[in-house]
Amino acid sequence: MEFEQENKEPFRLVLENISKSYPLIKANNAISLQVKPGEIHAILGENGAGKSTLMKILYGVIKPDEGSILWEGQKVEINNPAFARKLGIGMIFQHFALFESLTVLENIWLSMDEKYSLKQLEEEVLKTSAYYGLPINPKRMLHSMSVGERQRVEIVRCLLQKPKLLIMDEPTSVLTPQAVQILFKTIRQLASEGCSILYISHKLDEIRQLCDSATVLRSGKVTGYANPKNETAKTLATLMIGSELPIIQQQPAEIGKPMLEVLGLNLKTSDPFGTELKDICLKVRAGEIVGIAGISGNGQKELIQALSGESLIADTQTIYMNDAPVGKLSPAKRRELGLCFVPEDRLGRGAVPNLSLAENALLTGYSEGMVRNGWIHQPTINKFAEKIIEQFNVICGGKNVSASSLSGGNLQKFIVGREISLKPKIMLVAQPTWGVDVGASMVIRQSLLNLRQQGVAILVISEELEELMMISDQLTVIANGKLSSLIPTNQTSIEELGLMMSGDATIQVP
Ligand SMILES: Nc1ncnc2c1ncn2[C@@H]1O[C@H](COP(=O)(O)OP(=O)(O)OP(=O)(O)O)[C@@H](O)[C@H]1O
């Protein structure tokens with residue numbers, strides 16, 4: 001038979017000439033690939049290359065216009081996710097489909113095709129999470145959990161369905177180096193049990209470490225197949241983006257006055273699973289980038305909320321922006337003082353999914369002449385949105401498409417681009433390159449360095465230690481709601497930061 005391997009065992013999956021067009025873009029153009037049982041197969045490609053579209057076709061979320069799917073040697077039509085799951089296909093999405101107001105257990109219960117009682121399911125969840133080394137508390141409310149913790153819920157929920165093929169879209173983008181290694185152990189264990197993995201990631205070193213094979217996509221087409229173990233991160237990047245990676249230019253900047261000062265911030269949280277902030281002290285001066293490293297769920301969310309104005313502080317003497325006490329000021333008032341802000345959660349806090357890119361530009365850019373005498377000035381909004389799309393190479397169907405239609409990385413480029421274009425004096429950025437491809441990550445990091453050069457005070461909260469080392473002047477670690485003292489970047493290392501992240505944040509580094 002045509003689609004059998006040499007040992008006559010059928011491929012788990014064969015895709016043949018899969019195509020899918022949207023009105024303005026051909027997202028998949030005659031894509032073919034094959035996956036064996038137990039194979040860890042990477043899907044590589046820059047933002048908007050068509051990776052998620054292909055995976056959604058495979059999971060029955062969208063229908064291809066052309067092409068065929070063979071599952072264990074049989075031609076199948078996957079018309080919906082329930083059928084995909086029945087075949088044994090599980091998917092962990094880049095944007096989690098979980099309900100904030102429910103517990104972990106209730107979320108998992110809702111998604112199960114096979115109906116368990118809550119009690120039975122709780123036992124299964126605890127058993128599966130212990131077996132794969134992914135601890136979760138079934139009783140915890142979802143809204144109180146960090147992105148990294150939510151991802152664990154998604155993984156456990158998928159594993160409960162005992163998949164034969166697991167699709168993972170950017171699974172490590174919110175994990176620490178230690179958590180990544182735990183996840184890889186889980187993935188290898190699954191593969192050794194015969195489960196095939198389709199693994200989408202922009203992290204080329206991780207792909208080299210984990211994957212047996214790779215299909216490379218560019219502009220919806222396959223541009224090559226590779227064995228990642230025989231490639232370097234550089235050759236993989238070249239295959240992906242079709243040219244060499246841009247190199248970051250970091251020039252010394254003139255340090256100015258403190259623009260953001262936090263003087264002993266203590267913040268209790270009403271959320272029973274939130275993290276209390278304890279005596280946070282921080283100073284970011286004009287012309288410098290301060291990086292905060294940490295395992296998600298250690299107070300980053302609470303700190304961002306306190307700095308952006310989402311949580312107000314009773315004590316007005318604690319947070320200062322450009323010399324003004326801001327504890328009681330709303331986000332809009334803080335923006336008037338020059339604060340711009342990229343939240344961790346891009347679909348929800350960073351952008352409104354159903355609004356167009358132009359409308360999303362207006363949401364934070366309203367002070368840039370977009371509202372005149374109480375009237376919305378559409379030409380200004382359009383120009384602003386078009387400029388971001390061009391400058392940050394946001395691959396999309398133009399300013400009028402909805403934010404939700406953008407690929408994850410392209411939406412991130414749009415949000416970061418929007419905030420940078422607002423000419424901030426203080427920039428607060430959480431996970432700046434989450435889901436962004438290697439080439440575009442360099443563009444975003446370079447833009448932040450350019451802002452620093454222009455005298456902007458920048459605070460970056462990231463779990464990407466390499467990124468923090470690359471762009472920050474000073475670094476600190478958040479753990480259990482406490483910050484360690486600031487360390488000049490050239491006096492620390494990824495290993496040391498990793499240790500501080502997993503240990504007690506009160507470790508003082510000279
Ligand atoms: N529902 C939709 N309507 C219109 N265009 C869409 C829709 N979904 C995806 N696209 C477009 O199809 C292209 C491929 O998107 P896709 O999400 O598959 O890319 P990707 O390779 O997964 O990117 P990323 O790495 O950023 O996640 C993009 O240009 C995207 O804007």
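A residue counts as buried if 20 or more other C-beta atoms lie within 10 Å of its own, as exposed if 12 or fewer do, and as partly exposed in between. Keep these cut-offs at hand for the tour. The model on screen is predicted.

**Stop 1: two loops**

Select Asn480. This residue sits in the loop between strand 21 (474-479) and strand 22 (482-483). Is Asn480 buried, exposed or partly exposed? It has 15 other C-beta atoms within 10 Å, so it is partly exposed. Its phi is positive, about 50°, although Asn480 is not a glycine.

Now select Asp323, in the loop between strand 14 (319-321) and strand 15 (324-325). Asp323 is not a glycine either, yet its phi is positive, at about 75°. Asp323 counts as exposed because it has 10 C-beta neighbours inside 10 Å.

**Stop 2: strand 16**

Select residues 339-342, which form strand 16. In a regular strand the side chains alternate between the two faces of the sheet. Here Leu339 and Phe341 are on one side, and Cys340 and Val342 are on the other. All four are buried, so both faces of strand 16 are covered.

Add residues 426-430, which make up strand 19. Strand 16 and strand 19 pair in the parallel sense, over four bridges. Which residue of strand 19 stands opposite Phe341? It is Leu428.

**Stop 3: the nonpolar cores**

Keep Leu428 selected and add Ile426, Ile458 and Leu459. These four touch the most other members of the largest nonpolar core, which has 79 residues. Domain 2 (253-338 + 426-431 + 453-510) and domain 3 (344-423) each supply at least three residues to this core.

Centre the view on Ile426. Leaving out residues up to four places away in sequence, Ile426 touches Met259, Leu260, Met321, Gly338, Leu339, Val456 and Ala457. Leu339 is one of the buried residues of strand 16 from the previous stop.

Another core, of 63 residues, lies apart from the largest one. To find it, select Phe11, Ile43, Val125 and Ala237, which are among its members.

**Stop 4: two helices**

Stay with Val125 and show helix 4 (residues 118-131) together with helix 3 (residues 104-111). The axes of the two helices come within 10 Å and cross at roughly 105°. Helix 3 and helix 4 are therefore roughly perpendicular to each other, as angles of 65 to 115 degrees count as such. Which residues make the contact? On helix 3 they are Leu105, Ile108 and Trp109. On helix 4 they are Leu118, Leu121, Glu122 and Val125.

Methods. Residues numbered from 1 in each chain as written. Predicted model: local features only at pLDDT ≥ 70, side-chain atom pairs only at ≥ 80, totals over all residues. Pairing = 2+ DSSP bridges. Core = buried A, V, L, I, M, F, W, Y, C linked by C-beta atoms within 7 Å. Domains from an automatic or database assignment. Contact = placed C-beta atoms within 7 Å. Axes fitted to C-alpha atoms, helices over the stretch in contact; angles between N-to-C directions. Parallel < 35°, antiparallel > 145°, perpendicular 65-115°, else oblique.
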